[in-house]
Amino acid sequence: MRKILLVILDGMGDRPCPNLGGRTPLESAATPNMDRLAREGMTGLMDVIAPGIAPGSDTAHLALLGYDPLEVYTGRGAFEAAGTGVDIRRGDVAFRCNFGTVDGLMKVIDRRAGRISSGTAELATVLNGMRIEDVEVIFKEAVEHRAVLVLRGPDLSSDVTDVDPHEVGAEVLSSTPLRPEAQKTARILNEFTRKSYELLKDHEVNVRRMEEGKPPANIAMARGAGSPPDVPPFSELHGMSGAAVVGISLVEGVCRVSGLDIMDVPGATGGLDTDLGQKVEATIRALGTHDFVLLHIKGTDICGHDDSPETKADFIAKADAALGRLIEGLGDLEEDIVICVTADHSTPCCVMDHSADPVPLLVWGKGLRHDGVETFGEHAAAHGGLGKIRGKDLLNILKGQAGRAEKYGA
Ligand code: ZN
Ligand code: ZN
């Protein structure tokens, strides 16, 4: 049985860009390593969730790990929480939170408390660990004004509306249940919001901020309730151990909830300046101890959102060079591995957001089939031997290639 390396370039799929002479960033970039794998392997296109659906990075990664997001997805809150390192359990309800600034009438003055960048850990400590009725409150700061809230206790539900009004000048909302069983959760969330104002408004961090003329972070506003999906752990579902080298907390959360081991990568930022060398090292290390490794690289998606086709092409070229070093670093393992390079969705520069365009895909392994496609790109892959697949089938295909498929029938 072979090991499997799945390389995900976030949002890599694109459309023809006028600035690149009508080529996509992937087609325009110098990618000798991906081109070789495409030439020696099989290519195709993939609807990561389903045809016509523009995937989020969370739902996409669920699908790529072999789960059906249309069945199991319960919102991003749980993944955000897991991505900050909060241990999240079945039955918990998680929310994304902002530290915000409100006046005495609970009217929002700043949804991000002046993009507060220090002191949030001290503020979070005050909120973390409180009990409301029989529910435990877990609260942890994340980057800048962001934080996560997890409610843990009996009979909770994620079917509640946001407290965050999503606009300045509006009053903080009262959460309402979307079904009768969610009444308790809405009540607890409203009580938490009220208490957060009481506990934060005179906190010394905020007293200092006000002295400095900065907006105080005097409320925690929750949104996007979610519960962890009820999914079997990756190792149970696929009969192999798995690890992930990831660039952003949302994807880390999906991997964590799925039971993958998260590799520690110094210098990984999730931005264009991420240390690809460190990620390569971590991936090689992970392959030494695990059957399956997911390597996620975020930069490509950022360029799509920014409408920067040239930067996207440059970044893809850098990722390709990193892939080259990775393959070199495999040593003898190169004989015994199946490599897949693809994306979690398209983020076309001209759309500046995720689109429903299927993503290109290549699958390579020594001695496996090839299909006559010579380069790796959106248009070339449309002629590839894998045809057009769905994301949730990808891992089965890779397992088949890796000699890990179970026989169905006698
Ligand atoms: Zn993505
Ligand atoms: Zn994106």
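**Zinc, pockets and cavities**

The second largest cavity in this structure has a volume of about 50 Å³. This is a predicted model, in which local features need pLDDT of at least 70 and side-chain atom pairs count only at pLDDT 80 or more, while totals for chains, interfaces and linings use all residues. Residues are numbered from 1 along each chain as its sequence is written, chains are lettered from A and ligands numbered from 1 in the order in which they are written, and side-chain values use heavy atoms, leaving out hydrogens and water.

Let us stay with that enclosed space for a moment. A cavity is a set of points, on a 1 Å grid over the protein atoms alone, where a 1.4 Å probe fits but cannot get out; lining residues have an atom within 4 Å of a point. Points are joined across faces, edges and corners, and a volume is the space filled by probe spheres set on them. Around the second largest cavity there are 13 lining residues, with Asp 47, Val 48, Pro 55, Ala 356 and Asp 357 nearest its centre. Its lining divides into 8 nonpolar, 3 polar and 2 charged residues (nonpolar: Ala, Val, Leu, Ile, Met, Phe, Trp, Tyr, Cys and Pro; charged: Asp, Glu, Lys and Arg; polar: the others, Gly among them).

In total, the structure holds 2 cavities of 30 Å³ or more. The largest cavity has a volume of about 80 Å³, and of the 13 residues that line it, Leu 295, Ile 297, Ala 319, Ala 322 and Leu 323 are closest to its centre. Two or more lining residues come from each of β1, α11 (276–289), β11 (292–297) and α13 (309–330); helices (H or I, at least four residues) and strands (E, at least two) are DSSP runs numbered from the N terminus. Helix α13 gives the most, with 4 residues. By class, the lining of the largest cavity has 12 nonpolar residues, no polar ones and 1 charged residue.

Next come the pockets, which are open sets of points with protein on both sides within 12 Å along at least five of seven lines. The largest pocket holds about 1,000 Å³ of space. Of its 35 lining residues, Glu 80, Arg 146, Ile 248, Ser 249 and Leu 250 are closest to the centre. At least two lining residues each are supplied by α3, α5 (77–83), β3 (93–102), β7 (146–152) and α10 (249–257). The lining of the largest pocket is made up of 13 nonpolar, 11 polar and 11 charged residues. Domain 1 (3–73 + 231–401) and domain 2 (80–226) each give at least three residues to this lining, with domain bounds taken from an automatic or database assignment.

The second largest pocket has about 220 Å³ of space, and of its 14 lining residues, Ile 88, Arg 89, Pro 228, Arg 256 and Val 257 are closest to the centre. Here the lining has 9 nonpolar, 1 polar and 4 charged residues. Again, domain 1 and domain 2 each contribute at least three of the lining residues.

Now for the metal. Which residues coordinate the zinc ion (ligand 1)? They are Asp 10, with two OD contacts, Ser 57 (OG), Asp 344 (OD) and His 345 (NE2), at 1.9 to 2.8 Å. Donors are N, O and S atoms within 2.8 Å of the metal (3.2 Å for Na, K and Ca), and because water is not among the atoms, sites may look incomplete. The donor residues follow the spacing D-x46-S-x286-D-H in sequence, and a second zinc ion (ligand 2) is 4.8 Å from ligand 1. Asp 10 sits in the loop between β1 (3–9) and α1 (25–28), and Ser 57 in helix α3 (residues 57–64), so the pair ties together parts that are 47 residues apart in sequence.

Asp 10 is buried at 0% relative accessibility, and Ser 57 is buried at 6% (buried means under 20% relative accessible area, exposed over 50%, partly exposed in between, with a 1.4 Å probe and protein chains only). The donor His 345 also makes a side-chain polar contact of 3.2 Å with Thr 347. Such a contact is a pair of N or O atoms within 3.5 Å; within protein, one must be able to donate a hydrogen and the other to accept it, and residues adjacent in sequence count only if both atoms are side-chain atoms. Thr 347 lies in the loop between β12 (337–342) and β13 (359–365) and is buried, with a relative accessible area of 0%.

Finally, two backbone details. Ala 113 is not a glycine, yet has a positive phi of about 45°; this residue is buried at 0%, in the loop between β4 (108–110) and α6 (120–127). Asp 155, also not a glycine, has a positive phi of about 60°. Asp 155 is in the loop between β7 and α7 (183–200) and is exposed, with a relative accessible area of 63%.
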